[in-house]
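Good morning, and thank you for the opportunity to speak. Please look at the sequence and the structure on the screen before I begin.

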Amino acid sequence: MALRVALGLPKWTPNIVLMKIAGQEVLLEKIKRLAAQFFIRQLANGVHSPIYDRNCKPSIKLIKRDEVMLANLFKELNTSTDHIIAFPDTLISRNNFCEIFLSDFSFQNKAQPAFLIKDLFEEVVYKEFQDYHIIATDASKSHSFTSIAGISNLQSFVYRIHPINSIFTAEALAICQSLDELSVTDKNLLLLTDGYSVLQALKCLTIKSPKVIHRLAGKILVRENFHQKISLVWTPGHSLIHWNEKADLLEKAVTESHPLLE
C-alpha cells in the first residue's frame, strides 16, 4: 500500500505489476522510510511476529536471523532504525509510566449534582494534587472544522485541525499539544480531560493501539526526562468544574481567524 501511494497507483493494482513498476522508479527518501515503516507495522502485527513472545506479550527482542534480515532491509532502503516509527514497548512494560484516573475519585460519578461534583473536585485537587501544574484540555467537532484547546494558569492555546479527524483523535491531540505548549519543568503535571476513551486507550496501551495514542505515550515518556510525575484525570463535562469550563469556552471561541494546526 505504501508503494501504491508513493507511485500514485490505484489500490487494486496487482502486486506483480506494482513491483515491476517500483523496480523502474527511483523512490524519494521519505517514501523509502514510509515503505519501511509499513513493513515494520505488518511485521509487528503478524500472528508469527518475532516482536511477540510465546505468551503474546510485546517484546523488542528479535532472534539473530531477524536482526540480520532487518539490517539488510534498512541498508537496501538507505535508511536506519532511527527513521522507523518507534513503538513505545518500554511504556507497555511500565505500569506506572504515568497515573491515569478514570473512576478513582468521588467527583467522577456524573450521576451526582453538578455543584457537588465541583466541590468534590476542588477537595481532591487540594488533597492530592496541591503542588501540581494544572492543565485542562478540550476538543469539539462540527461539520466545518474540528478544534482543540488547552489552558493552564500561565497560558493557553486553541487551534483548528483538519475536519477529517475524529473527536477521539482531537481529544488525544489536545493532550499532546498541551504537553508541548503548556508544560513546565519545575512541577509535576495534572492533566484534566473529558476524553474518557482516550485515557482508557492510553491505560490499555498495546503495540496495536492507535497511532495517536502511541504519539501521546511517547510525549509522556519525553517528559520523564525532566523527572516529572504526570497524572491524567478524567473530569465529567459540563459539571461546573472551572478548569473544564475555561477550556470549553476557549475551544468554542474558535473562528475562521484562528490558525490551522498541521
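I shall begin with the overall composition, continue with helix packing and salt bridges, and end with three individual residues.

Please keep in mind that this is a predicted model. The protein contains 10 helices and six strands. Of its 262 residues, 45% are buried. Consider also the contacts with a separation of 6 or more: 67% of them are between residues 24 or more positions apart.

Let us turn to the helices, starting with H7 and H8. Helix H7 comprises residues 167-181, and helix H8 comprises residues 196-203. Their axes come within 8 Å and cross at roughly 70°. An angle from 65 to 115 degrees counts as roughly perpendicular, and H7 is therefore described as roughly perpendicular to H8. Which residues make this contact? From H7 they are Phe168, Glu171, Ala172 and Ile175, and from H8 they are Ser197, Val198, Leu199 and Ala201.

H8 also packs against H9, at an angle of about 70° and with the axes 10 Å apart. H8 is thus roughly perpendicular to H9. Here Val198, Ala201 and Leu202 of H8 meet Ile213, Leu216, Ala217 and Ile220 of H9. Val198 and Ala201 of H8 therefore appear in both lists, the one for H7 and the one for H9, if we apply the contact cut-off of 4.5 Å between heavy atoms.

H9 itself allows a simple check. The helix has 13 residues, from 211 to 223, and at 1.5 Å a residue it should span 18 Å. The expected span uses one less than the number of residues. The C-alpha atoms at the two ends are 19 Å apart, which agrees with that expectation. The buried residues of H9 are Val212, Ile213, His214, Leu216, Ala217, Lys219, Ile220 and Arg223.

The next topic is charge. Side chains of opposite charge can pair when their charged atoms come close. How many salt bridges are counted in this model? The count comes to four, and I shall describe three of them.

One salt bridge joins the side chains of Lys219 and Asp180, at 2.9 Å from N to O. This pair links distant parts of the chain, since Lys219 belongs to H9 and Asp180 to H7, 39 residues apart. Lys219 is among the buried residues of H9, whereas Asp180 is partly exposed, with a relative accessible area of 47%.

Another salt bridge is formed by Lys229 and Glu99, whose closest N and O atoms are 3.7 Å apart. Lys229 lies in the loop between H9 and strand S6, and Glu99 lies in strand S1, so the pair ties together parts that are 130 residues apart in sequence. Lys229 counts as partly exposed, at 40% relative accessibility. Glu99, at 28%, also counts as partly exposed.

The third example lies within one helix. Lys118 and Glu122 form a salt bridge in which the closest N and O atoms are 3.3 Å apart. Both belong to helix H6, residues 114-128, and being four residues apart they are separated by about one helical turn. Lys118 is partly exposed at 29% relative accessibility, and Glu122 is partly exposed at 33%.

I come now to individual residues, beginning with His133. This residue lies in strand S2, which covers residues 133-141. Is His133 buried or exposed? At 5% relative accessibility, His133 counts as buried, because the limit for that class is under 20%. A polar atom of the His133 side chain lies 3.0 Å from the backbone oxygen of Leu182. Leaving aside neighbours within four places in sequence, the contacts of His133 include Ser152, Asn153, Leu182, Val184 and Lys187.

Finally, I ask you to look at the loop between S6 and H10, where His238 is found. Most residues other than glycine have a negative phi. His238, which is not a glycine, has a positive phi near 55°. At 64% relative accessibility, His238 counts as exposed. Leu240 is placed in the loop between S6 and H10 as well. Its phi is also positive, at about 70°, although Leu240 is not a glycine. Leu240 is partly exposed, with a relative accessible area of 44%.

That concludes the presentation, and I thank you for your attention.

Terms used. Residues are numbered from 1 along each chain as its sequence is written. This is a predicted model: local features need pLDDT of at least 70, side-chain atom pairs count only at pLDDT 80 or more; totals for chains, interfaces and linings use all residues. Side-chain values use heavy atoms; hydrogens and water are left out. Buried means under 20% relative accessible area, exposed over 50%, partly exposed in between (1.4 Å probe, protein chains only). A polar contact is a pair of N or O atoms within 3.5 Å; within protein, one must be able to donate a hydrogen and the other to accept it, and residues adjacent in sequence count only if both atoms are side-chain atoms. Axes are lines fitted to C-alpha atoms, for helices over the stretch in contact, and angles run from 0 to 180 degrees between N-to-C directions. Angles under 35 degrees count as roughly parallel, over 145 as roughly antiparallel, 65 to 115 as roughly perpendicular and the rest as oblique.
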